[in-house]
Amino acid sequence: MLSQSLMPNRTERVNRARGDLAMGMPYILRHGSERTVMIAIETTTRERFNALERGLGAPELVISSKRARSVLTAAVTANLSEGPVRIRPPASADFDWYQRLADPRHDHVSGPAGPLHVLRTGDDTLQNAGLGLVKSAELIPAFALFPLGTELLDLNDVPLTQLDASEALAELAGRPALSAVAAASFPLEAHDVSRLHVFRDADGQREHYAIVIGQPDPNRPVLARLHSACFTGDVLGSLKCDCGPQLRAALSRMGEEGAGVLIYLNQEGRGIGLANKMRVYDLQSHGRDTVEANHQLGFEDDERDFRLAATMLKQIGITDIRLLTNNPGKVDTLAGNGIRVVERVPLQVGRTAHNRSYLSVKALKSGHLL
């Protein structure tokens with residue numbers, strides 16, 4: 001039937017909810033008999049938040065455990081597990097209260113009004129799904145959940161997107177699905193024979209690229225590089241990181257050897273997006289290192305998914321590589337996803353007076369071999 005063929009599948013439902021969050025729209029997140037209205041603190045408006053609160057009552061605030069440990073007292077965060085932290089607001093809480101807990105730009109002004117009550121019981125499936133969705137939308141990891149009773153909201157009058165929390169978690173954890181959408185040959189400075197393959201996520205959200213240098217011998221391990229997008233370093237020549245020099249050095253090395261493949265992943269800022277990366281930079285200007293700033297914002301040390309690279313390499317027919325990297329995590333992920341890394345080739349370039357501390361943190365806290 002036509003109506004069945006037009007129904008969105010799981011990927012499309014999750015991406016629709018993600019898009020609603022990015023626009024500041026609420027949507028209904030379900031789990032079993034429990035229904036809530038979820039909205040991202042970063043993108044919602046005061047007017048929309050207040051309207052939801054008048055109709056549904058005060059919501060619980062959900063932030064990540066990393067964010068909670070950065071801004072709440074040790075007494076409040078004692079024995080917290082990793083994952084979402086549920087906070088019941090005090091009676092005096094208004095929209096500004098939620099923003100102060102969610103956004104680190106308010107951290108230096110004053111602490112949140114109390115008392116704070118962390119909810120430590122119950123099923124966290126709704127909260128885990130919500131946290132995964134706001135992170136995948138590259139928003140500050142903080143959202144409000146309004147409990148929804150059937151007597152409080154007529155769904156026929158308010159056509160909100162609805163999503164099951166379990167299917168959201170399954171989609172977010174699933175193996176990345178990519179489709180090859182276009183390819184063309186053109187000359188580069190590194191080598192006058194190259195070909196760029198464009199891949200697109202199943203949800204249509206991002207494109208990723210495989211740049212094949214020369215004509216790699218399929219019977220020998222191919223020199224390869226996994227490079228995450230860095231607008232500030234790759235394009236602007238930022239001195240805060242070593243990304244730009246690594247990109248150019250990798251292409252140059254492939255050109256010298258006559259063959260190679262560079263996988264360029266659109267996972268800016270270790271997977272948190274450019275806006276959040278700028279928030280991290282601002283926190284660094286106040287004395288935080290990269291990892292500390294990520295945690296204060298609410299993210300893990302690294303939110304990237306290197307499984308994408310394994311999928312792309314297989315689709316262009318490459319399974320054995322010599323990997324240009326200082327990051328053992330890339331080697332482990334590729335090896336666990338069907339790519340044989342026969343050699344790790346160090347790529348130590350781009351050290352400056354401006355990024356010395358950044359590189360030290362990568363070595364000490366992120367395990368990079370520098």
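Buried residues account for 48% of the 370 residues in the protein chain, as computed from a predicted model. The chain carries 16 helices and 14 strands, and along its principal axes the C-alpha trace spans about 70 × 60 × 35 Å. For 370 residues a compact globule would be expected to have a radius of gyration near 21 Å, and the value of 23 Å found for the protein chain agrees with this. Of the contacts in the protein chain with a separation of 6 or more, 66% are between residues 24 or more positions apart.

Helix H7 takes part in two of the helix packings examined here, one with H8 and one with H2. Helix H7 (residues 125-136) packs against helix H8 (residues 165-173) at an angle of about 45°, the axes being 9 Å apart; H7 is therefore oblique to H8. The crossing of these two helices, H7 and H8, is left-handed. On the H7 side the contact is made by Thr125, Leu126, Asn128, Ala129, Gly132, Leu133 and Ser136, and on the H8 side by Ala165, Ser166, Ala168, Leu169 and Leu172. By class, the residues of the contact of H7 with H8 comprise 7 nonpolar and 5 polar, with no charged residue among them.

Helix H2 (residues 10-23) packs with H7 at an angle of about 70°, with the axes 9 Å apart, so that H2 and H7 are roughly perpendicular to each other. Val14, Arg18 and Leu21 of H2 form this contact together with Leu133, Val134 and Ser136 of H7. The contact of H2 with H7 contains 4 nonpolar residues, 1 polar residue and 1 charged residue. Leu133 and Ser136 of H7 are listed in the contact with H8 and also in the contact with H2.

Helix H6 (residues 95-102) is mostly covered, with 6 of its 8 residues buried. These buried residues of H6 are Phe95, Trp97, Tyr98, Gln99, Leu101 and Ala102, and the elements against which they pack are helix H3 (46-56), strand S3 (60-64), helix H4 (65-71), strand S4 (84-88) and strand S6 (142-147). In helix H14 (residues 307-315), the buried residues are Leu308, Ala309, Ala310, Thr311, Met312 and Leu313. Just after H14, Gly317 adopts a positive phi of about 85°.

Two individual residues were also considered. Leu297 lies in helix H13 (residues 290-297) and, because its relative accessibility is 0%, counts as buried. When neighbours within four places in sequence are left aside, Leu297 is in contact with Arg67, Pro104, Ile140, Pro141, Asn276, Arg279, Val280 and Leu283. One of these partners, Val280, is 17 residues from Leu297 in sequence, and the C-alpha atoms of Leu297 and Val280 are 7.3 Å apart in space. Arg35, which is found in strand S2 (residues 34-40), has a relative accessibility of 16% and therefore also counts as buried, given that the cut-off for burial is under 20%. Between Arg35 and Cys230, which are 195 residues apart along the chain, the C-alpha separation is 39 Å.

Methods. Residues are numbered from 1 along each chain as its sequence is written. This is a predicted model: local features need pLDDT of at least 70, side-chain atom pairs count only at pLDDT 80 or more; totals for chains, interfaces and linings use all residues. Side-chain values use heavy atoms; hydrogens and water are left out. Axes are lines fitted to C-alpha atoms, for helices over the stretch in contact, and angles run from 0 to 180 degrees between N-to-C directions. Helices (H or I, at least four residues) and strands (E, at least two) are DSSP runs, numbered from the N terminus. Angles under 35 degrees count as roughly parallel, over 145 as roughly antiparallel, 65 to 115 as roughly perpendicular and the rest as oblique. A crossing is left-handed if the near helix is turned anticlockwise from the far one by less than a right angle, and right-handed if clockwise. Contact means heavy atoms within 4.5 Å. Ala, Val, Leu, Ile, Met, Phe, Trp, Tyr, Cys and Pro count as nonpolar, Asp, Glu, Lys and Arg as charged, and the others, Gly among them, as polar. The radius of gyration is taken over C-alpha atoms; the globule rule is 2.2 Å times the number of residues to the power 0.38. Buried means under 20% relative accessible area, exposed over 50%, partly exposed in between (1.4 Å probe, protein chains only).
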